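Let's go through this model by asking how each label is earned. Each reply sets a value against its cut-off and then concludes.

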Amino acid sequence: MIAAASVVIPNFGGGGGGAGSCERANHLFCTSWVRGNWSSVLFPALRQHIVLTLIAVGIGFVIALTMAVAAHRRRWLERPLGVFTAVLYTIPSLALFGILVPFFGLTRTNAEVALVGYTLVILFRNILTGLREVPAEVRETAQGMGMTPRQSLLRVELPLALPAIMAGLRIATVTVISLATVAAYICDQGLGKPIFDAINEGVFKTELIAAGGLAIMLAVAADILLVGAQRLLTPWARVR
């Protein structure tokens, strides 16, 4: 580590004016640092970020789907479940991560529990809205064909509710990708780790921009993939 004015910049090797001079001068963006640290810093953080997101959204979707189906069948459950998920969503992320430390410690479990909590209100409301928008005559037709409530749900109601469900998945996924950067403060994983490292090293611009840029690109890519999945799964909506 060497001092550059009032900012401390990591010394990645190389003599003055040679390799590493861009980093030592803390220029806006040093491609040499990205190339040299992709496999050891950036790619592992990106992979961890994807895993954090997939686990949180996957578990959150299963829980939210169960809650939404229950509230759809028993309307009196909608209000308490809606209030519960809304309260979770209003808790500031750092506060929620901190509250969970006594229970789960500084671990990935802590981060995942909090991230799952933030997905519930989005997924619960969208799934329930999608189920409620299925026309009553469609349900009656399914019942008239001899379908059980479970068969009607799986074969008729959920497929017709897919546009609303996919919209919720898109919002929840982008939200988790964003909040997972803050989760690095607790579990030291994901793209938040190089972001915090860059700040702690005296605002090392290249690492900050590279990690932040990857988080943004990941969110955009995930949204595009989910839009594509929605178009494939709901061809009738595309035609309409």
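A residue is called buried when its relative accessible area is under 20%, and exposed when that area is over 50%, with partly exposed in between. Keep in mind that this is a predicted model.

Q: Which residues of α9 are called buried?
A: With the cut-off at under 20% relative accessible area, the buried residues of α9 are T206, E207, A210, A211, G212, L214, A215, L218, A219, A222, L226 and Q230.

Q: What covers the buried residues of α9?
A: The cover includes α2 (31–73), α7 (149–187) and α8 (192–200).

Q: How do you know that the reach of α9 is close to the expected value?
A: Helix α9 spans residues 205–233, which is 29 residues. The expected span is 1.5 Å times one less than the number of residues, and for α9 that expectation is 42 Å. From first C-alpha to last, α9 reaches 42 Å, so the two agree closely.

Q: Why is V174 called partly exposed?
A: V174 sits in helix α7. Its relative accessibility is 31%, and partly exposed covers what lies between the 20% and 50% cut-offs, so V174 counts as partly exposed.

Q: What does V174 touch, leaving out residues up to four places away in sequence?
A: V174 touches A219 and D223. In addition, the C-alpha atoms of V174 and A215 are separated by 9.8 Å, although their positions lie 41 residues apart in the count along the chain.

Q: Why is G228 called partly exposed?
A: G228 is found in helix α9. With a relative accessible area of 28%, G228 falls between the two cut-offs and is therefore partly exposed. G228 and C30 are 198 residues apart in sequence, and their C-alpha atoms are 34 Å apart in space.

Q: What makes T53 buried?
A: T53 belongs to helix α2. Its relative accessible area is 6%, which is under 20%, so T53 is buried. Not counting residues up to four places away in sequence, T53 touches T173, V176 and I177.

Q: Why is α2 called oblique to α7?
A: Their axes cross at roughly 140 degrees and come within 9 Å. Roughly antiparallel needs an angle over 145 degrees, and roughly perpendicular covers 65 to 115. The angle fits neither range, so α2 is oblique to α7. The crossing of α2 and α7 is right-handed.

Q: Which residues make the contact of α2 and α7?
A: From α2 come H49, T53, A56, V57, F61, L65, V69, H72 and R73. From α7 come P149, L153, E157, L158, I165, L169, A172, T173, V176, I177, A180 and T181. By class, the contact of α2 with α7 has 14 nonpolar, five polar and two charged residues.

Q: Why is α6 called roughly antiparallel to α7?
A: Helix α6 (residues 136–144) packs on α7 at an angle of about 160 degrees, with the axes 10 Å apart. An angle over 145 degrees counts as roughly antiparallel, so α6 earns that label against α7. The crossing of α6 and α7 is right-handed.

Q: Which residues of α6 and α7 meet?
A: V138, R139 and A142 in α6 meet S152, V156, E157 and L160 in α7. By class, this contact has four nonpolar, one polar and two charged residues.

Q: How do you know that N126 is in contact with residues such as A164?
A: Contact means heavy atoms within 4.5 Å. Not counting residues up to four places away in sequence, N126 touches A164, I165, A167 and G168. N126 lies in helix α5 (residues 108–132). The C-alpha atoms of N126 and A64 are separated by 9.4 Å, with the two residues 62 apart along the chain.

Q: What makes the phi of N26 worth a remark?
A: Most residues other than glycine have a negative phi. N26 is not a glycine, yet its phi is positive, at about 55 degrees. N26 is in the loop between α1 (21–24) and α2. At 9% relative accessible area, under the 20% cut-off, N26 is buried.

Q: Why is V203 called partly exposed?
A: V203 has a relative accessible area of 42%, which lies between 20% and 50%, so V203 is partly exposed. V203 is in the loop between α8 and α9, and although V203 is not a glycine, its phi is positive, at about 60 degrees.

Methods: Residues are numbered from 1 along each chain as its sequence is written. This is a predicted model: local features need pLDDT of at least 70, side-chain atom pairs count only at pLDDT 80 or more; totals for chains, interfaces and linings use all residues. Side-chain values use heavy atoms; hydrogens and water are left out. Helices (H or I, at least four residues) and strands (E, at least two) are DSSP runs, numbered from the N terminus. Buried means under 20% relative accessible area, exposed over 50%, partly exposed in between (1.4 Å probe, protein chains only). Axes are lines fitted to C-alpha atoms, for helices over the stretch in contact, and angles run from 0 to 180 degrees between N-to-C directions. Angles under 35 degrees count as roughly parallel, over 145 as roughly antiparallel, 65 to 115 as roughly perpendicular and the rest as oblique. A crossing is left-handed if the near helix is turned anticlockwise from the far one by less than a right angle, and right-handed if clockwise. Ala, Val, Leu, Ile, Met, Phe, Trp, Tyr, Cys and Pro count as nonpolar, Asp, Glu, Lys and Arg as charged, and the others, Gly among them, as polar.
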